[in-house]
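Q: Hey, can you walk me through this one? I'd like to begin with the charged side chains.

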Amino acid sequence: MNKQPRLLDRVRQAIRLKHYSIRTEEAYVNWIKRFILFHNKRHPKDMGAPEIETFLTHLAVDLNVAASTQNQALSALLFLYREVLKKDLDERTIDAVRAKKPKRLPTVLTKDEVLKVIGFLSGTNQLMAKLLYGSGLRLMECLRLRVKDIDFAQRQIIVRDAKGRKDRVTMLPDAVVPFLEEHLRHVKHIHDDDLAQGYGSVYMPTALERKYPNASREWPWQYVFPASTRSRDPRSGVIRRHHVHESGLQKAVRRAAKRAGINKPVTPHTFRHSFATHLLESGYDIRTVQELLGHKDVKTTMIYTHVLNRGGLAVRSPLD
């Protein structure tokens with residue numbers, strides 16, 4: 001008699017069937033575990049909207065989580081009920097205390113500050129920072145770049161499966177071209193060594209892996225920024241060379257900002273904010289900036305116009 005898989009294994013199967021990322025899988029499984037433990041290990045099939053409301057309220061009131069964190073927890077629980085337990089829950093009927101999303105302006109560096117921070121970086125970290133600022137990439141978009149996504153002839157970068165599961169095209173700065181070409185020559189040697197040792201494959205989306213079974217070992221599909229060591233894929237168990245971990249650049253940028261004497265909270269995402277603001281300062285149309293950033297709604301891009309309105313909405317002080 002076949003035993004039914006455990007609940008969390010069923011959750012993982014459903015997530016992989018939807019081709020969600022491993023990060024989403026880890027986050028959703030963690031929230032479902034926390035939900036079950038919060039309700040004294042009751043099975044979710046014996047619970048519903050009232051228990052979800054209580055849990056979300058607990059997150060907002062007792063744990064004081066951010067609005068985005070509470071929303072992620074809700075998404076995980078809705079996925080559990082809709083996709084695994086096959087119980088349709090109407091999100092609008094869940095009446096929990098909602099965490100408030102603060103309206104904050106993004107941290108933006110001046111052009112001189114950007115160059116100072118980049119100047120205190122070196123090697124691969126410096127090259128990645130230049131791409132974040134010069135192309136407006138998100139951190140994970142940069143790390144997930146494949147060799148085939150860099151178009152030197154057209155001076156453009158194709159960002160695949162970005163936020164919202166959409167592709168977009170952004171510019172490849174002339175200033176990084178010689179450094180990027182040299183970097184890729186080094187990466188090619190690493191890949192050739194991996195192939196010689198019987199490795200050399202890279203993670204491929206499931207459908208593409210079935211359609212092109214040999215593509216994972218081909219040069220165009222390799223990561224532009226590969227990890228220094230090979231590792232075992234947590235899903236398939238295959239030993240591969242993944243892309244570098246995001247924590248390396250995050251730590252390097254914080255150190256560089258500190259050494260540059262910048263008293264602002266600087267992260268890799270700050271380069272993207274600065275990219276957008278500096279383009280608008282240079283007179284580029286907001287719709288063009290929206291397209292380069294990959295924003296679905298121009299309202300998201302509009303926040304950078306508020307950053308440009310320095311000091312009381314650009315009103316000149318009577319003291320001056």
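A: Sure, one term to begin with: a salt bridge is a side-chain nitrogen of Lys or Arg within 4 Å of a carboxyl oxygen of Asp or Glu. Keep in mind that this is a predicted model, where local features need pLDDT of at least 70, side-chain atom pairs count only at pLDDT 80 or more, and totals for chains, interfaces and linings use all residues. Residues are numbered from 1 along each chain as its sequence is written, and side-chain values use heavy atoms, with hydrogens and water left out.

Q: OK, how many salt bridges are there in the whole structure?

A: The search finds 21. In one of them, glutamate 246 pairs with arginine 23, and the closest N and O atoms are 2.7 Å apart.

Q: Where do those two sit in the chain?

A: Glutamate 246 is in helix α10 (residues 246-259) and arginine 23 is in helix α2, so the pair links distant parts of the chain, 223 residues apart. Helices here are DSSP runs of H or I with at least four residues, strands are runs of E with at least two, and both are numbered from the N terminus.

Q: And is glutamate 246 buried or exposed?

A: Glutamate 246 is buried, at 11% relative accessible area, while arginine 23 is partly exposed at 33%. Buried means under 20% relative accessible area, exposed means over 50%, and partly exposed is in between (1.4 Å probe, protein chains only).

Q: What does arginine 160 pair with?

A: Arginine 160 forms a salt bridge with aspartate 149, with the closest N and O atoms 3.1 Å apart. Arginine 160 is partly exposed at 40% relative accessibility, whereas aspartate 149 is buried at 2%.

Q: Which residues are linked in a network of salt bridges?

A: That network has Asp9, Arg12, Arg16, Glu25 and Arg235.

Q: Switching topic: how many aromatic pairs are there?

A: The count is five. Rings of Phe, Tyr and Trp (its six-membered ring) pair if their centres lie within 6.5 Å; planes under 30 degrees apart are stacked, over 60 edge-to-face, and the rest tilted. Phenylalanine 35 and phenylalanine 55 make an edge-to-face pair, 5.6 Å centre to centre with 70° between the planes.

Q: Why does that pair tie together parts 20 residues apart in sequence?

A: Because phenylalanine 35 lies in helix α2 (residues 22-38) and phenylalanine 55 lies in helix α3 (residues 49-61). Both rings are in a cluster that ring pairs also link to Trp31 and Phe38. Phenylalanine 35 is buried at 0% relative accessibility, and phenylalanine 55 is buried at 2%.

Q: What about the largest nonpolar core, how many residues has it?

A: It has 49, and Val117, Leu131, Leu172, Phe225 and Phe271 have the most contacts inside it. A nonpolar core is a set of buried Ala, Val, Leu, Ile, Met, Phe, Trp, Tyr and Cys residues joined through side-chain atoms within 4.5 Å. Helix α6 (residues 123-135) gives the most to this core, with six residues. A second, separate core of 31 residues includes Trp31, Phe35, Phe55 and Leu74.

Q: Last one: what's the order of the strands in the open sheet?

A: The order is β1-β2-β3, with antiparallel pairing; two strands pair if DSSP finds at least two bridges between them. β1 (150-151) and β3 (168-171) are at the edges, each with a single partner strand, so one side of each has no neighbour in the sheet. Four bridges join β2 (residues 156-159) to β3, and isoleucine 158 has valine 169 in β3 as its bridge partner.
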